[in-house]
Amino acid sequence: MKSKLPIIAAAVVGLILVFAIRAFMSGGADAPDEPSADSSATPKFRAGCIPVTVAASSEKAALLSAIAKKYSTSAQVADKCVDVAVFTAASGGAEQALARGWDDKVDGPLPTVWTPAASTWVGLLRGDLAKTDKANLVPDEVTSIASTPLVIAMPEPMAKALGWPEKPIGWTEMTALAKDPDGWASVGHPEWGRFTLGKTNPHLSTSGLAATVGTLVAATGRSSDLTAADLADPKIRKFAADAEQAVLHYGDTTLTYLSNLQRADDSGAGLGYVSAVAVEEKSVYDYNLGNPTGNPETLGDHKAPRVPLVGIHPREGTLMSDNPWVVLDAEWVTDEQKAAARDFGEFLRTADSQKVFADAGFRSYDGKAGAALQDSTFVDSGPVDVVLSPPSPQVLDGVRATWDELRKKAQVLLLMDVSGSMGESVGSAGKTKLELAQQAAIGALDQLSDKDDLGVWAFTTQLGDGDDVTLPLTDIAPIGQQRAEVEESVASLIPLGGTPLYAATRLAVKEMTSRLDPNRINAVVVLTDGRNEYPQDTNLEGLLDELGAGSSEAKLRVFTIAYGEGADLATLGRMSEASGAKAYDATNPANIAAVFTAVLSNF
């Protein structure tokens, strides 16, 4: 297909930008698993105090902020007060930011301390720094401040159908059920359909990385260290590929699944969204309180679910998220800051601080469950029977590369708004939104898997003399067959017209619904910088009904991106929620690359 109108290339920029993020798949920040400390605000410190900035994984950032406030009221190091500021930094994104060189304009404030969810990221950072001959930023000794194991979370009736809590369950049972053509009917519940799995992207998410490691270990038939030879074993690869085929879609965070599950439960469909989700034990505790974000400020805002989740420790073994406290040996961290950071780290291991973690569903730094977990009937608060050792950094690199090869493939239609407002200038450099997209697109097409099916449509008004509001730019086909065509289309770019958001989305959904492939992740990605401006179609409620149609196992999901200040984030959120997907906020155009990283992690 050749470019026919200047507008064609405008839309293709959006596609290339999406693909550009594949280059960032092993790095870049994702949306936080849980809302917590502000990741964009510049920290404010008292004059004369030692400033300590903490880059924390999102599931604990709010707790750390609360503890930090208490600590800073009386802390003294070298006869100086200490101020601690906590901001959210996704574990995988922060690891890659530190490895490439932290950019405070992109990655957030320069951290004194990095505390990812698990030590797997610390090992990866050491390895990545060594590969590029950069100075090691990680001290020899790293302590833990809290812990929580990866679990397989299942709606209670489904877990009981598999024999929980009496029968040990693990990835072997999950994979067997995923492979069984009868699905849940094989255990007496045909009404539940196929077995489906929620799983996050291991390049970005601790739970996704731990679940991928756990699946591969289960395939070996032993609970010992995973090796590079294991990753090349055809039988092990087949087992892992079978497990991946059960995935509904990948996510940048587990909160995507838990929030969608909560909405399904609210409507009485708690057994209709997903069969199992790989999450941390703490997330199961939070979900059953009606607070899937885990944010203490929202606790009590929502009732407990009708159908609770149970947390299953995989019988083959599981990884612990040990929340390491890494005082960085970086050029921007002074000796005074290091001393203050170590002092705060010790404060986090005191009995009072550990109780704060325990009350929030964490285990202690040495793996012991507190009263909150002990009182829950939906998690096993005893010691984890089989704790897996994190693989070496080299093997972890291989795990992620193996996942890249074996992950469920996608069939995605990108619907790109090329209305006139895309020509607006943004930022101090005076570039347009379209120019920002062009910058992100350079050289990125090679990062996408040749086997993913993708198509690109532009949408706007003024598409010729008729009432057309969409313009197909490429076929929905393996990208490996049309890379040159897409590159060629980028040459001519102009924005024009208005924003027929509802009509264009309706047409894209109709097209993709006609070609649903149960063996692929089927999705539409809508990027728009405006709101519906098309009088011929203002029927939002009808569109939402269409987006909500279909069963969970044969579902077209619509992921939306609100690009720029004029975008209608609230409406886009309703559209994504109706389809069981997620809306992404890029109302600050400078954040578009990070947002597309999160979007692409779903496929």
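How far does helix α5 (residues 119-131) reach from its first C-alpha to its last? In this predicted model, the 13 residues of α5 reach 19 Å, close to the 18 Å expected at 1.5 Å a residue. The points below cover α5, the nonpolar cores, an open sheet of six strands, and residue W457, which lies in strand β16.

**Helix α5**
- The buried residues of α5 are T120, W121, V122, G123, L124, L125, G127, D128 and L129.
- The cover over these buried residues includes helices α3 (91-100), α8 and α16 (393-406).
- Strands β4 (113-115) and β12 (324-327) are also among the elements that cover them.
- After α5 comes D133, which has a positive phi, near 60 degrees.

**Nonpolar cores**
- The largest nonpolar core is made up of 93 residues.
- Within this core, the residues with the most contacts are W114, M154, W171, M174, F195, I561 and F603.
- Seven residues of the core come from helix α8 (residues 206-220), which gives the most to it.
- There is a second, separate core of 27 residues, and L63, V86, I145 and A341 are among its members.
- Helix α8 thus appears in two roles: it gives the most residues to the largest core, and it is one of the elements covering the buried residues of α5.

**The six-stranded sheet**
- The strand order in this open sheet is β17-β16-β13-β18-β19-β20, and the pairing is mixed.
- Because β17 (470-478) and β20 (583-586) stand at the edges and each has a single partner strand, one side of each is left without a neighbour in the sheet.
- On average, neighbouring strands are turned by 15 degrees against each other, with direction ignored.
- Strands β18 (residues 521-528) and β19 (residues 557-563) run parallel and are joined by six bridges.
- T528 has A562 of β19 as its bridge partner.
- Helix α22 (residues 592-600) packs on the sheet and touches β18, β19 and β20.
- The direction of α22 makes about 165 degrees with that of β20.

**Residue W457**
- W457 is located in strand β16, which spans residues 453-459.
- Is W457 buried or exposed? W457 counts as buried because its relative accessible area is 9%, and the cut-off for buried is under 20%.
- W457 and L471 are 14 residues apart in sequence, while their C-alpha atoms are 5.4 Å apart in space.
- In the sheet order, β16 stands between β17 and β13.

How values were computed: Residues numbered from 1 in each chain as written. Predicted model: local features only at pLDDT ≥ 70, side-chain atom pairs only at ≥ 80, totals over all residues. Heavy atoms only, no water. Helix = DSSP H or I, 4+ residues; strand = E, 2+ residues; numbered from the N terminus. Buried < 20%, exposed > 50% of the residue type's maximum accessible area, 1.4 Å probe, protein only. Core = buried A, V, L, I, M, F, W, Y, C linked by side-chain atoms within 4.5 Å. Expected span 1.5 Å × (residues − 1). Contact = heavy atoms within 4.5 Å. Pairing = 2+ DSSP bridges. Axes fitted to C-alpha atoms, helices over the stretch in contact; angles between N-to-C directions.
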